[in-house]
Amino acid sequence: MKDILSDKAPRPYTANAFFDFVSHKHCTESLDFIVKVQDYHNLYTSLQSYFNKEVTRESAHVGKEWKYLMSTFISPGSPSELNLPSNIRDQLLSHFDPMLSPPRPDHLNPAVRHTSEMLTDNILIPFLRSSPISNYDTIPPWDSSSHQWSGLSNSFTAEKRPFLKRSPR
């Protein structure tokens, strides 16, 4: 998965092909969420030294990104609501004031892990099987010990990967 998303996998398993496949399956919200979480992680890490006991411009910016993630992917009825277990959803929505103290990115790990598993089971395997040259025996195994992808490249963001930007419909 990491090689596909970072566009390092051999043809026909390119990032563009994967995004097209995801788009045709009408489940881009999972991939969008994972990309936006990586963006949140990068932003949080780069600005974390500015956080303190009062709202700063930096903590407010990170807090807005947290609120965006919650209002877009996590909150019930949100535009791209993910199918998450209620205990994961409730935990994420319980953060009181993200503007003052933005939640650490690792608070998103259970949601990312669940979303990654769903994406792998429902999209990645069919994508790999969809190629005329694919052979199921050659698909690398899912890391069941970590239950997550080994990580996303920092270069894998919607800003740097135009195929992730949704076209108006």
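These exercises, each with a worked solution, walk you through a predicted model of a protein.

**Exercise 1. The overall fold**

Find how many helices and strands the protein has, and the order in which they follow one another.

*Solution.* Start by counting: the secondary structure comes to six helices and zero strands. Next, read along the sequence, and the pattern is α-α-α-α-α-α. Now turn to burial: of the 169 residues in the protein, 45% are buried. Finally, look at contacts between residues at least 6 apart in sequence: 65% of them join residues at least 24 apart.

**Exercise 2. The nonpolar core**

Work out how many residues the largest nonpolar core has, and which helix gives the most to this core.

*Solution.* A general idea helps to begin with: in soluble globular proteins, nonpolar side chains tend to be buried together. Here the largest nonpolar core has 37 residues, and Phe18, Phe33 and Leu108 are those with the most contacts inside it. Helices H1 (2-5), H2, H3 (28-47), H4 (57-74), H5 (86-93) and H6 each supply at least two residues of this core. The helix that gives the most is H3, with eight residues.

Now take a look around Leu108. Setting aside neighbours within four places in sequence, Leu108 is in contact with Phe33, Val37, Tyr40, Trp66, Leu69, Met70 and Leu92. Phe33, on this list, is also among the residues with the most contacts inside the core.

**Exercise 3. Two helices that pack**

Describe how H2 and H6 pack, and say which residues meet.

*Solution.* Two packed helices are described by the angle between their axes and the distance between the axes. For H2 (residues 15-24) and H6 (residues 109-130), the angle is about 115° and the axes are 10 Å apart. The crossing of H2 past H6 is right-handed. On the H2 side, the residues are Ala17, Phe18, Phe21 and Val22, and they meet Ile123, Leu124, Pro126, Phe127 and Ser130 in H6. Sort the residues of this contact by type, and you get eight nonpolar, one polar and no charged.

**Exercise 4. The salt bridges**

Find how many salt bridges there are, and say whether each partner is buried or partly exposed.

*Solution.* Counting pairs with a side-chain nitrogen of Lys or Arg within 4 Å of a carboxyl oxygen of Asp or Glu gives two salt bridges.

- One pair is Glu81 and Arg89, whose closest N and O atoms are 3.6 Å apart. Glu81 has a relative accessible area of 35%, so Glu81 is partly exposed. Arg89 has a relative accessibility of 9%, so Arg89 counts as buried.
- The other pair is Arg104 and Asp106, with N to O at 3.1 Å. Arg104 is partly exposed, at 43%, and Asp106 is partly exposed too, at 39%.

**Exercise 5. The surroundings of Arg89**

Say where Arg89 is found and what Arg89 touches.

*Solution.* Arg89 is found in helix H5. Leaving out residues up to four places away in sequence, Arg89 touches Phe73, Ile74, Ser75, Pro76, Glu81, Leu82, Asn83 and Leu84. One of these, Glu81, is the salt-bridge partner of Arg89.

**Exercise 6. A cis peptide bond**

Locate the cis peptide bond that joins Arg11 to a proline.

*Solution.* Keep in mind that most peptide bonds are trans. Here, a cis peptide bond joins Arg11 and Pro12, with omega at about 10°. To place it in the fold, note that Pro12 is found in the loop between H1 and H2.

Terms used: Residues are numbered from 1 along each chain as its sequence is written. This is a predicted model: local features need pLDDT of at least 70, side-chain atom pairs count only at pLDDT 80 or more; totals for chains, interfaces and linings use all residues. Side-chain values use heavy atoms; hydrogens and water are left out. Buried means under 20% relative accessible area, exposed over 50%, partly exposed in between (1.4 Å probe, protein chains only). Axes are lines fitted to C-alpha atoms, for helices over the stretch in contact, and angles run from 0 to 180 degrees between N-to-C directions. Helices (H or I, at least four residues) and strands (E, at least two) are DSSP runs, numbered from the N terminus. A crossing is left-handed if the near helix is turned anticlockwise from the far one by less than a right angle, and right-handed if clockwise. Contact means heavy atoms within 4.5 Å. Ala, Val, Leu, Ile, Met, Phe, Trp, Tyr, Cys and Pro count as nonpolar, Asp, Glu, Lys and Arg as charged, and the others, Gly among them, as polar. A nonpolar core is a set of buried Ala, Val, Leu, Ile, Met, Phe, Trp, Tyr and Cys residues joined through side-chain atoms within 4.5 Å.
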